[in-house]
Amino acid sequence: SNPELLGEKERKRLGLRLLPQSLSEALTRFDSKTAASWMGADLVDAYLACRREHERQFGSLSCEDAAAILQRVH
């Protein structure tokens, strides 16, 4: 079944966690130490700097608006 439709207690009982619901939450939960072990610390630092800048620039926009801007830029 869909974990989003389960209550918090049921998800916890099953050992399920929802994926981050925002870029900010995803960056907070990102395990840079583990990622650095297979990507290298320099690449992880660059990735996080880029994603934090995206968060700063687009954090107040809807996902659709941010995606439209990024599609035009990239």
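These legends go with a set of close-up views of a predicted model.

**View 1. Helix H4 from end to end.**
Start with helix H4, which runs over residues 41-58. How far apart are the end C-alpha atoms of H4? They are 25 Å apart. At 1.5 Å a residue, the 18 residues of this helix should span 26 Å, so the two values agree.

**View 2. The two sides of helix H4.**
Look around H4 and pick out Val44, Leu48, His54 and Phe58, which are buried. Those four cover an arc of only 120° around the axis, which means that they sit on the same side of H4. Now find Asp42, Asp45 and Arg56: they are on the other side of H4, and they are exposed. What do the buried residues of H4 pack against? Their partners are H2, H3 and helix H5, the last of these covering residues 63-73.

**View 3. A pair of aromatic rings.**
How many aromatic pairs does the model hold? The count comes to one aromatic pair. Its two members are phenylalanine 30 and tyrosine 47, with 5.6 Å from centre to centre and 40° between the planes, and the pair is tilted. The angle is neither under 30 degrees, as stacked rings need, nor over 60, as edge-to-face rings need, and therefore the pair falls in the tilted class. This pair links distant parts of the chain, 17 residues apart. Phenylalanine 30 belongs to the loop between helix H2 (23-29) and helix H3 (32-39), while tyrosine 47 belongs to helix H4. Are these two residues buried or partly exposed? Phenylalanine 30 has a relative accessible area of 28%, so it is partly exposed. Tyrosine 47, at 37% relative accessibility, also counts as partly exposed.

**View 4. Histidine 54 and its contacts.**
Back in helix H4, let us stop at histidine 54. With 16% relative accessibility, histidine 54 counts as buried, because that value is under 20%. Which residues does histidine 54 touch, once those up to four places away in sequence are left out? They are Leu23, Gly59 and Leu70.

**View 5. Phenylalanine 58 and helix H5.**
Phenylalanine 58 is also part of helix H4. Its relative accessibility is 13%, so phenylalanine 58 counts as buried. Not counting residues up to four places away in sequence, phenylalanine 58 touches Ala66, Ile69 and Leu70. Take Leu70 as one of these: phenylalanine 58 and leucine 70 are twelve residues apart in sequence, and their C-alpha atoms are 9.5 Å apart in space.

**View 6. Isoleucine 69 and alanine 67.**
Both residues shown here come from helix H5: isoleucine 69 and alanine 67. Isoleucine 69 is partly exposed, with a relative accessible area of 26%. Leaving out residues up to four places away in sequence, isoleucine 69 touches Phe58 and Leu61. Its C-alpha atom is separated by 21 Å from that of alanine 26, a residue 43 places away along the chain. Alanine 67 is partly exposed too, and its relative accessible area is 36%. From alanine 67 to leucine 14 there are 53 residues in sequence and 34 Å in space, C-alpha to C-alpha.

**View 7. The largest pocket.**
What is the volume of the largest pocket? It is about 340 Å³. The lining is made of 15 residues, and those nearest the centre of the pocket are Leu23, Phe58, Gly59, Cys63 and Ala66. Which elements give two or more residues to this lining? These elements are H2, H4 and H5.

**View 8. Arginine 11 in helix H1.**
For the last view, go to helix H1, residues 8-14, where arginine 11 is found. Is arginine 11 buried or exposed? At 8% relative accessibility, arginine 11 counts as buried, because buried here means under 20%. Setting aside its neighbours within four places in sequence, arginine 11 is in contact with Pro3, Glu4, Leu6, Leu16 and Leu18.

Notes:
Residues numbered from 1 in each chain as written. Predicted model: local features only at pLDDT ≥ 70, side-chain atom pairs only at ≥ 80, totals over all residues. Heavy atoms only, no water. Phe/Tyr/Trp six-rings, centres within 6.5 Å; stacked < 30°, edge-to-face > 60°. Buried < 20%, exposed > 50% of the residue type's maximum accessible area, 1.4 Å probe, protein only. Expected span 1.5 Å × (residues − 1). Arc of directions from axis to C-beta. Contact = heavy atoms within 4.5 Å. 1 Å grid on protein atoms, 1.4 Å probe; cavity = no way out; pocket = protein on both sides within 12 Å on 5 of 7 lines; lining within 4 Å. Points joined across faces, edges and corners; volume = space filled by probe spheres on them.
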